[in-house]
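Please walk me through this protein model, beginning with the chain as a whole and then moving on to individual elements and residues.

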Amino acid sequence: MSANQTLHAAFSGHVAAALDALVAAGTLAPGLNRSAVTVEPPRDPSHGDLATNAAMVLAKPAGLNPRALAEALVAELTKLPAVTGAEIAGPGFINLRVESAAWLDELRAIGALGDGYGRSAMGAGKVVNIEYVSANPTGPMHMGHCRGAVVGDALASLLEFAGHGVTREYYVNDAGAQVQVLARSAHVRYREALGQEVGAIPEGLYPGEYLIPVGQALAAEFGDTYAAAPEADWLALFRTRAVAAMMEMIRQDLARLGIAHDVFSSEAELQASGKVDAAEAWLRAHDLVYDGVLEAPKGKTPEDWEPVELPLFRSTRFGDDQDRPIKKSDGTWTYFGADLAYHFQKAQAADALVDIWGADHAGTVKRIKAAVAAMTAAEGQSPKPFEVKLVQMVQLLKGGQPFKMSKRAGTFVTLADVVEMVGKDVVRFTMLTRKPEAQMDFDFDKVVEASKDNPVFYVQYAHARIRSTLRKAAAEGLAPSADALERLGEEELGLVRLAAQFPRLVEAAATAREPHRIAFYLYDLAGALHSYWNLGNDRPEKRFIVGSDASLTGARLFLAAQIGQLIRNGLAVLGVEAVEEM
């Protein structure tokens, strides 16, 4: 096994070679699809070091008995010098035991590769466009945006780590009614800045204090030119200025989380460029849009509902319950209509698309995926892969009670407030401690708690412990060394086996588009480190530093240093810094 090939990848190759040998011997039919074959740790560590399902998934298409195929595979795999045992479990799973030397080689590989350990070429440079956040440009970022922002950014880093090219994109919704409201709200603050008495902010406008400096800037630039002017004279101008100010505020808020997008795409510019009209024409030419009348909504009567002919997308072809309009009765585009053109535009420069949406948009997933599949499929080609990841809202708690609203924002807690209170790293890691589709409580008291129940602390503390140990050893003239790794015992090898899963986990998480798997893994790795540390509390001979045995100490320090390296690698993917001390 070379230094740049991890143990799990090497054994995947060994299994593939064993299958090739069976094909060459005539035992197995050639040309079988092996994409479902896996090599991974068994669920129960007592069963062995590695397990493969190769016999299970290939037996049926090969017309063989799974156990018979497993026996043939075992005969091939036991020829490997590194395999010390192979057992068939159940109907055909194969459990392998691997010699200690192979795990020690893996530990050396972590040391050799450093921050490159776990990186993969599986992405083959293919570009994935990830659109995330895309909050309306009407105010500062709030915690309703935070979770999707972190999930999207961590996913982007994960895919880069796995060998993809990545485009981080933000869709600026600057063509809808909400930005007209923003412009009117800015006009109130503009008149206020001129010294006019405006009273309470009118119902329906944005009341947040964040628009006060926008009004002041408009007053400084235009004086009282638009104070009493009709709305038609200033609405477009104030909308442009206010959106620009809000987007600058949003960029600053995202920067607090360590997030920077590559592309900001304007909905208004998309529509002005005629791309939405072009998308409609393409869809009509392919019989995917037609002019029709929707059925009356349930509960409506003919007296209060007027049938209107609208351009409809044939979403029922793709499993939707009805065809969907791409334009409103006033001729403006629906969100769905504009989204069609926007995704078509994104697909021109990417090999795959991922959208991170709030869970409240779940109802539109099926139709937008159907439309994108239709529009990105060229003649005779498969549509470009497109996934929508839904993210549930976050409930903020403090003292066991819902957290109060922010005065600056008017109606919500700002992201900037939360980052200032607990820090970027706490926010980012916490947002990845639950699957994004699961509800989450963000408890201000618990996310800063120094306990095992706080994953952020638990992982950071593991890294800090390692760094502290290495500093203490250095002060005593001791250093990590790979010279006597064979002196590591079974408890230490257990840490190595867990560490060795990282490259495989990176690829699995990238394939599933699930960056939270990295956070879960780091928690498990930290737990294993803490457990070993506690073993040394009870048994001094198990400590990392054994003053009377320099070679054993060097080997254990080398192990500790590589576990620390892995924690740093995983945290870097999540956009979280590893602390040196706590």
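**A guided reading of the chain**

D287 is found in the loop that runs between helix α10 (275-285) and strand β8 (289-293). In this predicted model, the backbone of D287 adopts a positive phi of about 55 degrees, although the residue is not a glycine. D287 counts as partly exposed, because its relative accessibility is 37% and the partly exposed class lies between the 20% limit for buried and the 50% limit for exposed residues.

A second residue with this backbone feature is S134, which is not a glycine either and has a positive phi of about 45 degrees. S134 also sits in a loop, here the one between β5 (127-131) and α5 (143-161). With a relative accessible area of 14%, S134 is buried, whereas D287 is partly exposed.

These two loops belong to a protein chain whose secondary structure comes to 19 helices and 15 strands. Taken along the principal axes, the C-alpha atoms of the chain fill a box of roughly 85 × 65 × 40 Å. Of the 582 residues in the chain, 49% are buried, and the chain exposes about 26200 Å², of which carbon and sulfur atoms supply 51%. When contacts between residues at least 6 apart in sequence are considered, 71% of them join residues at least 24 apart. The charged side chains number 57 positive and 72 negative, and the centres of the two sets lie 3 Å apart.

Among the strands, 3 form an open sheet of mixed pairing, in the order β14-β13-β15. The edges of this sheet are β14 (401-402) and β15 (440-443), each of which pairs on one side only. On one side of strand β13 (residues 394-398), 2 bridges join it to β14, and these two strands run antiparallel. β13 is also joined to β15, in this case by 4 bridges and with the strands running parallel. The register can be followed through L397, which stands opposite P402 in β14 and opposite D443 in β15. K398, for its part, stands opposite Q401 in β14. The hairpin of β13 and β14 has 2 residues between the strands, and G399 there takes a positive phi near 65 degrees.

Between the sheet residues of β13 and β14 and the last strand of that sheet in sequence, the reader may turn to helix α14 (residues 424-431), which contains R428. Is R428 buried or exposed? R428 is buried, because its relative accessible area is 1% and a residue counts as buried when that value is under 20%. The side chain of R428 reaches the backbone oxygen of L574 at 3.0 Å. Leaving aside residues up to four places away in sequence, R428 touches V150, D153 and A154, then L257, G258 and I259, and finally L574, G575 and V576.

A contrasting position is that of D453, placed in the loop between β15 and α15. With a relative accessible area of 68%, D453 is exposed. D453 and S157 are 296 residues apart in sequence, and their C-alpha atoms are 26 Å apart in space.

Further along the chain, A482 lies in the loop between α15 (455-475) and α16. At 24% relative accessibility, A482 counts as partly exposed. A482 and L557 are separated by 75 residues in sequence, while their C-alpha to C-alpha distance is 9.1 Å. Setting aside residues up to four places away in sequence, A482 touches R108 and F558.

The loop that holds A482 leads to helix α16, and here one may ask why α16 is described as largely enclosed by the rest of the structure. The reason is that 7 of the 10 residues of α16 (residues 490-499) are buried. These buried residues are E492, L493, L495, V496, R497, L498 and A499, a set that packs against α4 (100-113), α17 (502-512), α18 (516-538) and α19 (550-574).

Methods: Residues are numbered from 1 along each chain as its sequence is written. This is a predicted model: local features need pLDDT of at least 70, side-chain atom pairs count only at pLDDT 80 or more; totals for chains, interfaces and linings use all residues. Side-chain values use heavy atoms; hydrogens and water are left out. Buried means under 20% relative accessible area, exposed over 50%, partly exposed in between (1.4 Å probe, protein chains only). Contact means heavy atoms within 4.5 Å. Accessible areas come from the Shrake-Rupley method with a 1.4 Å probe; for residues, only the protein chains shown count as cover. Lys and Arg count as positive and Asp and Glu as negative; His and the chain ends are not counted. The place of a charge is taken as NZ of Lys, CZ of Arg, CG of Asp or CD of Glu. A polar contact is a pair of N or O atoms within 3.5 Å; within protein, one must be able to donate a hydrogen and the other to accept it, and residues adjacent in sequence count only if both atoms are side-chain atoms. Two strands pair if DSSP finds at least two bridges between them.
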